[in-house]
Amino acid sequence: MTATDDAMVMVESLEFGYTSAASVLRDITLEVPRGKVVALMGGSGCGKTTLLRLISGQLRAREGRVLVAGEDMAALDREGLYRMRRRMGMLFQLGALFTDMTVFENIAFQMREHTMLPDDAVRDLVLMKLEAVGLRGAARLMPSELSGGMARRVALARAVALDPMLVLYDEPFAGLDPISLSVVGQLIRRSNDALGATSIVVTHDVQESLSIVDYVYLMAEGRIVAEGTPDAMRACEEPRVRQFIRGGMDGPVEFHYPAGDYARDLALQDIHG
Amino acid sequence: MAEQNSGAGLVVGIGGWTVAAVRRTGAATIFMLRVLAASGVSLRRVRLTLREIYFAGTLSLVIIMVSGLFVGMVLGMQGYETLQTYGSEEKLGVLVALSLVRELGPVVAALLFASRAGSAITAEIGLMKATDQLAAMEMMAVDPVARVVAPRFWGAVLSMPLLAALFSSLGILGAYLVGVSLLGVDEGAFWSQMQAAVDVRQDVLNGVVKSIVFGIGIATVATFEGFDAPPTAEGVSRATTRTVVHSSLLILALDLVLTGFMLQIWGH
């Protein structure tokens, strides 16, 4: 994508490591235009979630910048960060619903914390959000009474409770059955378009995400190795992209974690002499 | 040479353990100050704190009251046995009341409270962390220290003196049941001697101060361990164990220090 002023998120030459010795992310540059749904794809452990945490300001970059709505996330103090986060929503990998509150209270949480809305207005807004994800009837249930797919939909409704400008989804499809997976995918697309928001979806689910996103960044070993529209990614013949999109066992990404000689580990050299 | 090495290893080990313990104590103290600084929400929204008083205090009532009753009954029996040797069994009320109000009430109630409520606070906060609930709160621009930790901290601090008072009261009742109803100590002597000997400031107030300090200690350890727990099942389980062990040791150490101070101040 070419750089424009219309970007909701800009990441420039980003470097990050949890320790000074090793880098998890290297030279990441990407752009997420307003109103679009963009996927960050890649295998487990390639740094996608770390990148999402950098964009949301939970982590700070070692080098480079993350700009959200034109503001440098690393330059914000706690108050500035909180001000920014009131305009962001995030869906965590396993939902992260508050287990001591009902579904209703989970959605109402931010409204009660950040607005002075009267109870009647909060109730109406919460029921509208729940209706949008098809779970108005589950308002009084506790999170422990929900199935995995339902919990993810509630978490999605909570993430967009205050109509955020930017929604971050961390593995929204992980562990879902095919029907829930498709429902969650459609809800992400629909709520993004209805709210006029911008969405970043971190995922390793290829088929579902390619069907709902506008643009894809493919990551491997802490770098962006390919980018393009879903159609371009499907048609791409670059070996790493092809292996990831088609789920091949053999390819540039090796099946085996680096290890020593197999025969020696099994102590077979003695038998062979 | 090997002996020298193992000797040096021991010194290094002790040194490392000491540094780690001091660092952790410092971290817990800084955490407590952070909780105090973030307590505005708990004080403004009393409901949040009341809910935690219910979970920490009200739900601990049964164990505290039953334990108090039994400890009092045992004290009554033991006290009677010793006192009657000197023909002073009418002093039973004094013995039991002073033992409970000054020492046993605050200390035993605090030890029970650390096991019952402290461990629950650690486990709850630790699990909220392990399941990303605290991170989710941060992402909603809500400070988890103010919203989750501070109400639990104050819930524990406010519950502790009330539970200690109930423990002592039930203990005295237990001693009365055993001493007066069962063993035949004169009822008038039991109560009047107690009334004459127990001083509000020197005895009752000291007990209350102790229980408040223990409450702050337990609340700090329990919330710190939960907030600092590694976000795994094993991490939370270890943190819960540490809460019980560390707060119990802290209660006993604080009791020694406070008793020393109080005896010095009141010139016993």
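A:Asp27 is partly exposed in this predicted model, with 14 other C-beta atoms within 10 Å. The residue is part of strand S2 of chain A, which spans residues 25-33. A:Asp27 is not a glycine, yet its phi is positive, at about 50 degrees. Most residues other than glycine have a negative phi.

A positive phi also occurs at A:Glu171, where the value is near 50 degrees. This residue is found in the loop that leads from strand S7 (166-170) to helix H6 (178-195) of chain A. Is A:Glu171 buried or exposed? A:Glu171 counts as buried because 21 other C-beta atoms lie within 10 Å, and the cut-off for a buried residue is 20 or more. For A:Asp27 the count of 14 falls between the limits, so the residue is classed as partly exposed.

**Chain A as a whole**

Chain A has 11 helices and 10 strands. Along the principal axes, its C-alpha atoms fill a box of roughly 80 × 45 × 35 Å. Chain A has 273 residues, and 38% of them count as buried. Among its contacts between residues at least 6 apart in sequence, 64% join residues at least 24 apart.

The mean pLDDT of chain A is 85, and 93% of the residues reach 70 or more. Among the elements of the chain, helix H3 (residues 103-114) has the highest mean pLDDT, 93, and helix H11 (residues 269-272) has the lowest, 60. Where pLDDT is low, the predicted coordinates should not be read in detail.

**Strands and their pairing**

S2, the strand that holds A:Asp27, belongs to an open sheet of four strands in chain A, ordered S2-S1-S4-S5 with antiparallel pairing. S2 and strand S5 (71-72) are the edge strands; each has a single partner, so one side of each is left without a neighbour in the sheet.

Strand S9 of chain A is paired with strand S3 (residues 37-42) in the parallel sense and with S10 in the antiparallel sense. S9 and S10 form a hairpin with two residues between them. What is the phi of A:Glu221 in the turn? The phi of A:Glu221 is positive, about 50 degrees.

The table gives three of the strand pairs in chain A, with a pair of facing residues for each.

| Strands | Sense | Bridges | Facing residues |
|---|---|---|---|
| S1(A) and S4(A) | antiparallel | five bridges | A:Glu12 and A:Arg65 |
| S3(A) and S9(A) | parallel | five bridges | A:Leu40 and A:Tyr217 |
| S9(A) and S10(A) | antiparallel | five bridges | A:Ala220 and A:Arg223 |

**Helix H9 of chain A**

Which residues of helix H9 (residues 239-246) of chain A are buried? The buried residues are A:Val241, A:Phe244 and A:Ile245. They lie on the same side of H9(A) because they cover an arc of only 95 degrees around the axis. An α-helix has 3.6 residues a turn, so residues three or four places apart point the same way. On the other side of H9(A), A:Pro239 and A:Arg246 are exposed.

The buried residues of H9(A) pack against several elements of chain A: helix H7 (206-212), strand S9 (215-220), strand S10 (223-228) and helix H8 (230-235). The two strands of the hairpin are thus among the packing partners of the helix.

**Contact with chain B and the nonpolar core**

On the chain A side, 14 residues are in contact with nine residues of chain B. Helix H2 (78-85) and H3 of chain A each supply at least two residues of this side. H3(A) gives the most, with four residues. By class, the chain A side has seven nonpolar, four polar and three charged residues.

The largest nonpolar core has 144 residues. The residues with the most contacts inside this core are A:Val9, A:Ile200, B:Ala110, B:Ala156 and B:Ile218. Helix H5 (residues 92-130) of chain B provides the largest share of the core, 20 residues. In soluble globular proteins, nonpolar side chains tend to be buried together.

What does B:Ala110 touch, leaving out residues up to four places away in sequence? The residues are B:Met160, B:Ala164, B:Ser211, B:Phe214, B:Ile218 and B:Ile251. One of them, B:Ile218, is itself listed with B:Ala110 for having the most contacts inside the core.

Definitions and conventions
Residues numbered from 1 in each chain as written. Chains lettered and ligands numbered in written order. Buried ≥ 20, exposed ≤ 12 C-beta atoms within 10 Å, placed from the backbone. Contact = placed C-beta atoms within 7 Å. pLDDT = per-residue confidence, 0-100. Nonpolar A, V, L, I, M, F, W, Y, C, P; charged D, E, K, R; others polar. Arc of directions from axis to C-beta. Core = buried A, V, L, I, M, F, W, Y, C linked by C-beta atoms within 7 Å. Pairing = 2+ DSSP bridges.
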